[in-house]
Amino acid sequence: MPLTNTLKVQRAKLGINQGRLGELAGVSRQTISSIERGEYNPSITLVLKLAQIFDTSVEEIFEYF
């Protein structure tokens, strides 16, 4: 079952690019890009960190079908 996300939308709300989000989350720009494209499922730790960065719930960013 795929994990979908709204990372691109969340980034746009903050006005940051993939590189900056990667810096804030402690991962590479390529990792953020892979997550956005659905090619990489992040760890629980990274998911929680992203939710904290965006000041929102995990469910607002990720959805598992």
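Which elements do the buried residues of α3 pack against? I opened the notebook with this question, keeping in mind that the model is predicted.

**Helix α3.** I first listed the buried residues of α3 and found I32, S33, S34, I35 and E36. Looking outward from these buried residues, I found that they pack against β1 (3-5), α1 (7-14), α2, α4 and β2 (62-64). I then looked at what comes after the helix, and noted that α3 is followed by G38, whose phi is positive, near 80 degrees.

**The largest nonpolar core.** I turned next to the largest nonpolar core, which has 13 residues, and recorded that L7, L21, L50, I61 and F62 are the ones that touch the most other members. Three helices, α2 (18-25), α3 (29-36) and α4 (44-54), each supply at least two residues of this core, and α4 gives the most, with 5 residues. I noted beside this that nonpolar side chains tend to be buried together in soluble globular proteins.

**L21.** For L21 I looked up the contacts, leaving aside residues up to four places away in sequence, and found L7, R11, I16, I32, L50, I53 and F54.

**L46.** Is L46 buried or exposed? I located L46 in helix α4 and entered it as buried, because its relative accessible area is 8% and the cut-off for buried is under 20%. With residues up to four places away in sequence again not counted, L46 touches A25, V27, T31 and I35. I also checked L46 against R20, which is 26 residues apart from it along the chain, and found their C-alpha atoms separated by 15 Å.

Definitions and conventions
Residues are numbered from 1 along each chain as its sequence is written. This is a predicted model: local features need pLDDT of at least 70, side-chain atom pairs count only at pLDDT 80 or more; totals for chains, interfaces and linings use all residues. Side-chain values use heavy atoms; hydrogens and water are left out. A nonpolar core is a set of buried Ala, Val, Leu, Ile, Met, Phe, Trp, Tyr and Cys residues joined through side-chain atoms within 4.5 Å. Buried means under 20% relative accessible area, exposed over 50%, partly exposed in between (1.4 Å probe, protein chains only). Helices (H or I, at least four residues) and strands (E, at least two) are DSSP runs, numbered from the N terminus. Contact means heavy atoms within 4.5 Å.
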